[in-house]
Amino acid sequence: PDTTLFRSEKADRVRALTLAVNELALVGLRQRFPSAGEDELRLRLATQRLGADTVARAYGWRPPSDDA
């Protein structure tokens with residue numbers, strides 16, 4: 001069988017995997033910060049990916065200093 005994927009199929013798979021990884025990361029953040037809202041969780045995810053300085057410059061948000 002032909003296992004060649006079209007570019008669009010590859011892009012769809014990459015997108016699906018990226019969404020799955022993001023959801024798993026958010027599950028972990030929800031466990032660590034159960035009182036955090038969705039906006040805060042997304043900012044925390046961005047901080048994990050981009051670093052606190054970049055998120056602070058882009059969104060004006062830093063995680064509280066007492067976070068472990």
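1. How far apart, in helical turns, are arginine 44 and glutamate 40 in helix H2? About one turn: the two are four residues apart in that helix. Their side chains meet in a salt bridge, with 2.8 Å from N to O. That spacing suits a contact along one helix face, because an α-helix has 3.6 residues a turn and residues three or four places apart point the same way. Before going on, bear in mind that this is a predicted model.

2. The partners in that bridge differ in how much of them shows. Arginine 44 has a relative accessible area of 8%, so it counts as buried. Glutamate 40 comes out at 26%, which makes it partly exposed. If you expected a charged arginine to sit out in the open, have a look at this one in the viewer: the cut-off for buried is under 20%, and arginine 44 falls below it at 8%.

3. So what is around arginine 44, once its neighbours within four places in sequence are left aside? The contacts are Leu29, Phe33, Trp61, Pro63, Pro64 and Asp67. Of these, Leu29 is one of the buried residues of H1, and Phe33 belongs to the largest nonpolar core. Arginine 44 itself lies in H2.

4. Now the long view of the helices. H1 runs over residues 7-32, which is 26 residues, and it reaches 38 Å from first C-alpha to last, close to the 38 Å expected at 1.5 Å a residue. H2 has 13 residues and reaches 18 Å, again close to its expected 18 Å. Right after H2 comes glycine 51, with a positive phi near 95 degrees.

5. Which residues of H1 are buried? They are Asn22, Ala25, Leu26 and Leu29. These buried residues pack against H2, which covers 38-50. On the other side of that pairing, the buried residues of H2 are Leu41, Leu43, Arg44, Leu45, Ala46 and Thr47. What covers them includes H1 and H3.

6. The largest nonpolar core has seven residues: Ala25, Leu26, Leu29, Phe33, Ala36, Leu41 and Leu45. H1 and H2 are the elements that give two or more residues to this core. H1 gives the most, with three. Leucine 45 is a good place to click: beyond its neighbours within four places in sequence, leucine 45 is in contact with Asn22, Ala25, Leu26 and Leu29. Those four are the buried residues of H1.

7. How do H2 and H3 (residues 52-59) pack? Their axes are 7 Å apart and the angle is about 130 degrees. That makes H2 oblique to H3. From H2, the residues at the meeting point are Leu43, Ala46, Thr47 and Leu50, and from H3 they are Ala52, Thr54, Val55 and Tyr59.

8. Threonine 47 deserves a point of its own. It lies in H2 and is buried, with a relative accessible area of 16%. Leaving aside neighbours within four places in sequence, threonine 47 is in contact with Ala52, Val55, Trp61 and Pro63. Trp61 and Pro63 also turn up among the contacts of arginine 44.

9. Back to charges. How many salt bridges are there in the count? Three. Besides the arginine 44 and glutamate 40 pair, arginine 30 bridges to glutamate 38, with the closest N and O atoms 3.1 Å apart. Arginine 30 is partly exposed at 31% relative accessible area, and glutamate 38 is partly exposed too, at 40%. Glutamate 38 is found in H2. Glutamate 38 also sits 9.1 Å from leucine 26, C-alpha to C-alpha, although the two are twelve residues apart in sequence.

10. The remaining bridge joins aspartate 53 to arginine 62, with 2.7 Å between the closest N and O atoms. Buried or exposed? Neither label fits here: aspartate 53 is partly exposed, at 45%, and arginine 62 is partly exposed as well, at 47%.

Conventions:
Residues are numbered from 1 along each chain as its sequence is written. This is a predicted model: local features need pLDDT of at least 70, side-chain atom pairs count only at pLDDT 80 or more; totals for chains, interfaces and linings use all residues. Side-chain values use heavy atoms; hydrogens and water are left out. The expected span of a helix is 1.5 Å times one less than its number of residues. Buried means under 20% relative accessible area, exposed over 50%, partly exposed in between (1.4 Å probe, protein chains only). Contact means heavy atoms within 4.5 Å. A nonpolar core is a set of buried Ala, Val, Leu, Ile, Met, Phe, Trp, Tyr and Cys residues joined through side-chain atoms within 4.5 Å. A salt bridge is a side-chain nitrogen of Lys or Arg within 4 Å of a carboxyl oxygen of Asp or Glu. Axes are lines fitted to C-alpha atoms, for helices over the stretch in contact, and angles run from 0 to 180 degrees between N-to-C directions. Angles under 35 degrees count as roughly parallel, over 145 as roughly antiparallel, 65 to 115 as roughly perpendicular and the rest as oblique.
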